[in-house]
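Here are my notes on the model, set out as numbered points. Please read them with the structure open beside you.

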Amino acid sequence: PTSTFDELIRSPFKYYIENTSDIPYRDIKVRVRYYSTAPSTYGIQVGQEIGVLPVTIPPHSRDTYLKSGTVLGSGSSLFYAGDLQVLGAVPILE
């Protein structure tokens, strides 16, 4: 099965992407790390996935952007998404 960002929103963590610049960005490349919830290995990283969020982030904004149902990675009731890292984005200069 796969995990969608809608599922990540329901996890114990809320992930925000903040754009502090004066220009908007689109196609945000992110890495999501998954951690174990099994009692014997709780909190140990079990995987990661890199993908692109097909969103535009306005200047000086902060939002979750995890609402679009983008499929990224694998999912299990024994995993939780414990980290979201922005790796890059495309600036909109027009």
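1. The largest nonpolar core of this predicted model has ten residues in all: Ile17, Ile28, Val30, Val32, Tyr34, Leu53, Val55, Ile57, Ala81 and Leu84. Three elements give two or more residues to this core, namely strand 3, strand 4 and strand 7. Strand 3 supplies the largest share, with four residues.

2. Those strands also belong together in a sheet. The sheet is open, has three strands in the order 4-3-7, and is paired in the antiparallel sense. Its edge strands are strand 4 (45-57) and strand 7 (79-91), each of which pairs on one side only. From one strand to the next, the twist averages 20°.

3. Look next at the pairing of strand 3 (residues 25-36) with strand 4, which is antiparallel and runs over ten bridges. One position to find on screen is Ile28, which stands opposite Leu53 in strand 4. Both Ile28 and Leu53 are also members of the largest nonpolar core.

4. Which residue of strand 3 should be checked for its backbone angle? Asp27 lies in strand 3, and its phi is near 50°, a positive value in a residue other than glycine. Is Asp27 buried or exposed? Neither word fits, because its relative accessible area is 28% and the class of partly exposed lies between the cut-offs of 20% and 50%.

5. His60 deserves a similar check. Phi of His60 is near 50°, again positive in a residue other than glycine. His60 is found in the loop between strand 4 and strand 5. With a relative accessible area of 54%, His60 counts as exposed, because the cut-off for that class is over 50%.

6. Where does Ser61 sit? Ser61 is in strand 5, which covers residues 61-63. Its relative accessibility is 14%, so Ser61 counts as buried; the cut-off for that class is under 20%. Which residues does Ser61 touch, leaving aside those up to four places away in sequence? The contacts are Ile17, Glu18 and Asn19. Of these names, Ile17 also appears in the list of the largest nonpolar core.

7. To go over the points again, start from the core of ten residues and the sheet with the order 4-3-7. Then compare the accessibility classes: Asp27 is partly exposed, His60 is exposed and Ser61 is buried.

Terms used
Residues numbered from 1 in each chain as written. Predicted model: local features only at pLDDT ≥ 70, side-chain atom pairs only at ≥ 80, totals over all residues. Heavy atoms only, no water. Buried < 20%, exposed > 50% of the residue type's maximum accessible area, 1.4 Å probe, protein only. Contact = heavy atoms within 4.5 Å. Pairing = 2+ DSSP bridges. Axes fitted to C-alpha atoms, helices over the stretch in contact; angles between N-to-C directions. Core = buried A, V, L, I, M, F, W, Y, C linked by side-chain atoms within 4.5 Å.
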